[in-house]
Amino acid sequence: MAEKNDHESSKKRPAFKKTGLSDLGKREERLALKLLLPALIIIVAIAFYPLVQVFYTSFTDRVFASGEETSFVGFDNYRRLLSVHITELEPVLDESSGEQLVDSDTGEKIFERPLDVLPREPRRYREYKQFDFFGKRYVIGATDTNFIDGVQNTLVFTVVSVLIELILGLAIALVVNSKFRFRGSMRAAMLVPWAVITVVSARMWEWMLAPSRIGMFNALLDRLGVIDSPIAFLASGSYQLSALIAVDVWKTTPFMALLLLAGLQTMPEDIFEAAEIDGAGKIRQFFAITLPLLKPAMAVALIFRTLDALRVFDIFQVMLGSSTYSMASYNYFQLINNRNMGLASAIGVIIFILIFVFAISYIKMLGADEE
Amino acid sequence: MKKKASISGLLKRAGFNFMIIFILFYLLFPFYWAVNSSLKTESQLFMTPATAVPRDPVTLEFSPTFQNYSAVLTDGQFLRGLANSTIVATSTTVLALIAGSFAAFALGKLRFRGRKPAMYLILAMTMFPQVTVLTGLYAVITALGLSARISMIFSYMIFTLPFTTWVLTSFFRGLPDALMESAQVDGATPFQTFRRILLPLTAPALVTTGLLAFIAAWNEYLFALTFTSIDPSARTVPVAIAYFAGAVARQEPFGEIMAAATLVTVPLVVLVLIFQRRIVAGLTAGAVKG
């Protein structure tokens, strides 16, 4: 690995080879370590113990804020969180005709009850979802449906909001990057959503989305004659996640836009001038020059946005209470309300692993750590 | 022919301006609503339908109130919170920028073994949800015997240091190697090259990451709530707002929360206005000849 790196970079920087690579290389290595030292000291002093403790605690049944004795439970916490069981539901047949029974009220076919089929040992599985596949009915059971639900909510939330933020942030960055008169004030105005304190912003949106006409959105929709009765944005399942995504997109698009803008502004202008002379149109320039050059900045912006989105807590906690969980708000619920610190730590580790997977795939896709 | 071109140019200009207005409206309108709510009394807040400016419930005339602002400003908690937040967020940003830019220079421009592991180690520092690391962090801070303000500054490193390091690394890597080589030929040590040449060139990135990290530290709530529990005089703005919301027995003072939110957002905007001049376009253009 080290050999390969040396080879690659010596190709790129032949100047060093002539002056004796080993000596200079050693000096460079020593300087690098010195420069990394402050960051490493901070990591060791502040983050090392808490992180190791989380890993360790996730294998125990430790109770939060108590003197109770803790014992090692192996993978029990993980098993409880992640056990999922899929099984087929048999149709309930009419005894005389052999046909499947149909509910006389709803007209729906009747299947056996999920609770009768799902395993009870070693832990009870509860119904999470039913689905049809090739004419057969299946049920998904999980030992902790709240957590599985939290994982699904968080993943949908993350993918949708980060994607919208990337597109919107890129558009805003491109607009602000072109020269116009009030560009400076525009940059300051652009940061306002990011600057509003997160907890307060969640309350502010909760008020705007209030389920009666004291809320801005219901008052507006009513004025426009779009709705007959106020919409309960945050109470009903179909609007909940979309509302939260809208809030998050508003709040964090500036973060994305500003990072991409900084990337745009370190691009040398002469490349674009050369492209102009060669007759490349604006759109061609964007796809051939801007996007490839923006990749590193984009990778970093995506990593940190995704990282925050996967850990989303404030807006779920403030706006939805405990009606719908994200992974991190379920984590909070388990730690503070149930004082189940072992389980909460296991949730933390699962989030950690998920974030790691996302980070690695961004880096591989966008080549953020290439030499 | 010429006239046609100028019409299309005019249309382009109009389209561009429309886009800017649309973006500004989208980004600023919710904040306007917060300002609007902060100028309303409780009864005005509960008017149906909600009004776009504070209006008298009976006569519907324009009648803003400043009672929320005076309530917030006479609350000593809030002003002390502002001072605390300024100290904590500024120190956090400075520390994260110094340690981060050093590390980023090493990671982005120097060759050494263990570069990738070091990058991932720094990122791993911030991959746990805050709630999870809170107990461990609390134990560390008690063991080190740190005061509330210092604890906040150090614990905020968890999310600011990986951020500044990674962003700056990507920017350092983008700078041409020729810069370092020509400086080296001129007899500059690598560290001089870093301080005199590379650092000024990444000014846009430094200002951007600094602002983003500052705001992240300014807005942090959970760590601040935990570490100031023993020392209320160290409370930062988000915690102070949460407390004056809970201190009153009657309904939550929504107008006051919005007034406080407006009051803390304005200095940040001013800060950005001051620093944004440093985000100058095309700094690297012409830095390397040939």
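This is a short talk on a predicted model of two chains, A and B.

First, conventions. Residues are numbered from 1 along each chain as its sequence is written, and chains are lettered from A, with ligands numbered from 1, in the order in which they are written. Since this is a predicted model, local features need pLDDT of at least 70 and side-chain atom pairs count only at pLDDT 80 or more, while totals for chains, interfaces and linings use all residues.

Confidence next. The model has an ipTM of 0.86 and a pTM of 0.85. For pLDDT, the predictor's confidence in each residue on a scale from 0 to 100, chain A averages 82, with 92% of the residues at 70 or above. Helices here are DSSP runs of H or I with at least four residues, strands are runs of E with at least two, and both are numbered from the N terminus. Among the elements of chain A, helix 6 has the highest mean pLDDT, 92, and helix 1 (residues 2-12) the lowest, 43. The pLDDT is below 50 over residues 1-19 of chain A, a stretch with 16 contacts in the model beyond near neighbours in sequence. A contact means that the C-beta atoms of two residues, placed from the backbone, lie within 7 Å.

Chain B has an average pLDDT of 84, and 91% of its residues score at least 70. Its confidence runs from a mean of 75 in helix 12 (residues 237-247), the lowest, to 93 in helix 4 (residues 76-109), the highest. Residues 281-290 of chain B stay under 50, and the model gives them 19 contacts beyond four places in sequence.

Now the domains, with bounds from an automatic or database domain assignment. Chain A is assigned domain 1 (85-143) and domain 2 (146-366), and their C-alpha centres are 38 Å apart. Chain B is assigned domain 1 (29-65) and domain 2 (68-278), with C-alpha centres 35 Å apart. In chain B, nine residues of domain 1 are in contact with eight residues of domain 2. On the domain 1 side, helix 1 (2-38) and helix 2 (42-45) of chain B each supply at least two residues, and helix 1 gives the most, five. By class, that side has four nonpolar, three polar and two charged residues. The classes are: Ala, Val, Leu, Ile, Met, Phe, Trp, Tyr, Cys and Pro nonpolar; Asp, Glu, Lys and Arg charged; the others, Gly among them, polar.

Chain A also has an open sheet of three strands in the order 1-3-2, with antiparallel pairing. Two strands count as paired if DSSP finds at least two bridges between them. Strand 1 (84-89) and strand 2 (126-133) are the edges, each pairing on one side only. Neighbouring strands are turned by 25 degrees against each other on average, direction ignored. Strand 2 pairs with strand 3 (residues 136-142) of chain A over seven bridges, and A:Arg126 stands opposite A:Ala142 in strand 3. Helix 6 (residues 145-177) of chain A packs on the sheet and touches strand 1, strand 2 and strand 3, its direction making about 55 degrees with that of strand 2. For angles, axes are lines fitted to C-alpha atoms, for helices over the stretch in contact, and values run from 0 to 180 degrees between N-to-C directions.

That leaves the contact between the chains. How many residues does each chain put into it? Chain A contributes 88 and chain B 90. On the chain A side, helix 3 (residues 21-57) has the largest share, 19 residues. That side divides into 62 nonpolar, 13 polar and 13 charged residues.

Two helix pairs cross this contact. Helix 11 (residues 237-265) of chain A and helix 10 (residues 203-219) of chain B have axes that come within 9 Å and cross at roughly 170 degrees. The two helices are therefore roughly antiparallel, a label for angles over 145 degrees; under 35 is roughly parallel, 65 to 115 roughly perpendicular, and the rest oblique. Residues in this contact include A:Phe255 and A:Leu258 from helix 11 and B:Pro204 and B:Thr208 from helix 10. By class there are seven nonpolar, two polar and no charged residues.

In the second pair, helix 13 (residues 282-310) of chain A packs against helix 7 (residues 148-174) of chain B at about 170 degrees, with axes 9 Å apart. This pair too is roughly antiparallel. Among the residues that meet are A:Val300 and A:Phe304 of helix 13 and B:Trp166 and B:Arg173 of helix 7. This contact has eight nonpolar, two polar and one charged.
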